[in-house]
Amino acid sequence: LLSPMPWSLAQPVTPDLLVSPSSQDGDLGSECPEDRGNWTGRLDFLLSCIGYCVGLGNVWRFPYRAYTNGGGAFLVPYFIMLAICGIPIFFMELSLGQFSSLGPLAVWKISPLFKGVGMGTILIVSLVAIYYNMIIAYVLFYLFASLTSDLPWQHCGNWWNTDLCLDHHVIKAGNSTLPVNISNTVSPSEEYWSRYVLHIQGSSGIGDPGRIRWNLCLCLLLSWTIVYLCILKGVKSSGKVVYFTATFPYLILVMLLIRGVTLEGAWKGIQFYLTPQFDHLLSSKVWIEAALQIFYSLGVGFGGLLTFASYNTFHQNIYRDTFIVTLGNAITSILAGFAIFSVLGYMSQELGVPVNQVAKAGPGLAFVVYPQAMTMLPLSPFWSFLFFFMLLTLGLDSQFAFMETIVTAVTDEFPYYLRPKKASFSAVICIALFLMGLILTTEGGMYWLVLLDDYSAGFGLMVVVITTCLVVTRVYGMKRFCRDIHMMLGFKPGPYFRACWMVLSPATMMALLVYNIVKYQPSEYGSYRFPTWAEVLGILMGVLSCLMIPMGMVVAVLQEEGTLWERVQQASRPAMDWGPSLEENRTGVYVASLAGSQSPKPLMVHMRKYGGITSYENTAIEVDREMEEDDDDESM
């Protein structure tokens, strides 16, 4: 029985890197920690990542950013920044999560001194989850409002309309040869959004929230209920829901795209969106905007990617998955631009105004401009329902990721108490965040939403990502990190990834951070300027997530013994139990850290215990050999 072993050692088998072990023959159930839960299907992880990254920003931020920053020329810095910042950081996060099978707090066993980074991440994600679900509540409100034969924002003359309201249908019916001055008028959709949905006229500003809008409150309650039911059983339930929420938006997007490009005047909008203005590439602002779009679109730093990867089997091919998700996300953004701008081109022709007068970004596009464009189409309620259903599915799977990140992070810290009660703990988190979000359902709630949007995930998030990058490459060590990936995937990251991790990615994000601080502009909503106290509150939100890092350092140092420098050194080293979560994956140096392992040749013990030798254990032999060579070099 043991005779084939020397042959196996002499002829190492290289694993097929393009086929993840989860898709190869054989039962890999033994790889999954039973009590923590794992993905139950082959595509659960991939679709969850696609659903997480492809969100509302792809529809309402990218197209607007592209047209204001050089049209088609914007794609040049966009793809360069994707290569420098997006793909490497994305791969780093997935690698950390999969290697350790730990959430964004417990993963800092890699260097306990920096556990505050994980705490900062959880604070940021919690703040984002509060207002992101409010946006989903607005989408639900419009979705229900579309279930009618006549859209409520189609005409003026409702109780919420003012004298400034101008209905484009009236202009068309009048066939007036005189040009109509629309500069001092408001569209019915804009008044529906601000005066009916938000009822913002009931609030004088952020300090005067006014009354709760009960219809919005019920929509928020419904959105939290949907999110809770989908994450009830962790990744086992959310991993199945994403088969619908991650794929269905593409079907609707293609339908909207086909409808859009067949409209009269559509080419006008597409031309406006894609006409390259290469002179823009000389402006630093365009490169910064491209990096920001990549940074927020891929969701790096929020802990979602790390959390999802932590539920993978140890040898899942995340290298391949990284390229599928990041490139798929970029292509989706570009497609969404065609769907949006083709309709805006039609709308500008109908209204007789230039495209740049109807183009907007953010909530203004989703809740004012696009709904107005829908009223100009035949079967407008149908197209409106489709559009808002697409936004709902896009938003929900990003929200699943935020919630899964918070729940996983805390349950991994207290596994004995919380893992058996994960469903109850998830319910407590959802209720707490719903109650915190109630202020967003008031008449002045939009001011609070803008404040949260501007500050919760601003410079704090960048500090978190820069610190993570520097800790992994400088404190833990690039050689060690590459060795871990080698052990997990069967190959080491190439010079491209190493150069990005060591220099290019941190330097680019540092430039982003400096630019954000230098070009700081106070928040505003339309013509409303936020008071100083609100600005200070917003800045404190960002600073608090950064302060978690030094606070975590103080706690880690106090838990060690010796002089201050010795404590810092001890706290910065990986914890004794750092490494793969399952015993059979702990090959090479990591076997020595298991309880009861006394053997000077831990890999041999591992092979005798688990029998035979796999292609991945060949990799472990290579890693062991490299480590011995490194030790010899150091002793010399």
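Of the 636 residues in this protein, 57% count as buried. The model is a predicted one. Its chain forms 27 helices and 2 strands. Contacts between residues at least 6 apart in sequence mostly link distant parts of the chain: 82% of them join residues at least 24 apart.

Helix H18, residues 380–413, is a place to begin. It has 34 residues, and at 1.5 Å a residue these should span 50 Å; the C-alpha atoms at its two ends are 50 Å apart, so the expected and modelled values agree. H18 is mostly covered, with 31 of its 34 residues buried.

Just before H18 in the chain comes the loop that links H17 to H18, and Leu379 sits in this loop. Leu379 has a relative accessible area of 64%; the cut-off for exposed is over 50%, so Leu379 is exposed. The backbone of Leu379 also deserves a look. Most residues other than glycine have a negative phi. Leu379 is not a glycine, yet its phi is positive, at about 55°.

Ser101 can be set beside Leu379. Its phi is near 50°, again a positive value in a residue other than glycine. Ser101 also lies in a loop, the one between helix H5 (75–100) and helix H6 (115–145). Is Ser101 buried or exposed? Its relative accessibility is 9%, and buried means under 20%, so Ser101 counts as buried.

Helix H17 covers residues 363–375, and Thr375 belongs to it. The relative accessible area of Thr375 is 4%, so this residue is buried. A polar atom of the Thr375 side chain lies 2.5 Å from the backbone oxygen of Gln372. Which residues does Thr375 touch, apart from those up to four places away in sequence? They are Leu151, Trp153, Gln154, His168, His169 and Ser380. His169 is 206 residues from Thr375 in sequence, but the C-alpha atoms of the two are 9.2 Å apart in space.

Val254 gives another example of residues separated along the chain. It is found in helix H11, which runs over residues 248–261. Val254 and Ala336 are 82 residues apart along the chain, and 8.9 Å separates their C-alpha atoms. With a relative accessible area of 41%, Val254 is partly exposed.

Next comes a pair of helices, H22 (residues 459–489) and H23 (residues 495–518). Their axes come within 10 Å of each other and cross at roughly 170°. An angle over 145 degrees counts as roughly antiparallel, and H22 and H23 are therefore roughly antiparallel to each other. The residues of the contact between H22 and H23 divide into 18 nonpolar, 2 polar and 2 charged.

Thr473 lies in helix H22. What is its relative accessible area? The value is 4%, so Thr473 is buried. A polar atom of its side chain lies 3.5 Å from the backbone oxygen of Leu470. Leaving aside neighbours within four places in sequence, Thr473 is in contact with Met92, Met478, Trp501 and Met502.

How values were computed: Residues are numbered from 1 along each chain as its sequence is written. This is a predicted model: local features need pLDDT of at least 70, side-chain atom pairs count only at pLDDT 80 or more; totals for chains, interfaces and linings use all residues. Side-chain values use heavy atoms; hydrogens and water are left out. Axes are lines fitted to C-alpha atoms, for helices over the stretch in contact, and angles run from 0 to 180 degrees between N-to-C directions. Helices (H or I, at least four residues) and strands (E, at least two) are DSSP runs, numbered from the N terminus. Angles under 35 degrees count as roughly parallel, over 145 as roughly antiparallel, 65 to 115 as roughly perpendicular and the rest as oblique. Ala, Val, Leu, Ile, Met, Phe, Trp, Tyr, Cys and Pro count as nonpolar, Asp, Glu, Lys and Arg as charged, and the others, Gly among them, as polar. Buried means under 20% relative accessible area, exposed over 50%, partly exposed in between (1.4 Å probe, protein chains only). A polar contact is a pair of N or O atoms within 3.5 Å; within protein, one must be able to donate a hydrogen and the other to accept it, and residues adjacent in sequence count only if both atoms are side-chain atoms. Contact means heavy atoms within 4.5 Å. The expected span of a helix is 1.5 Å times one less than its number of residues.
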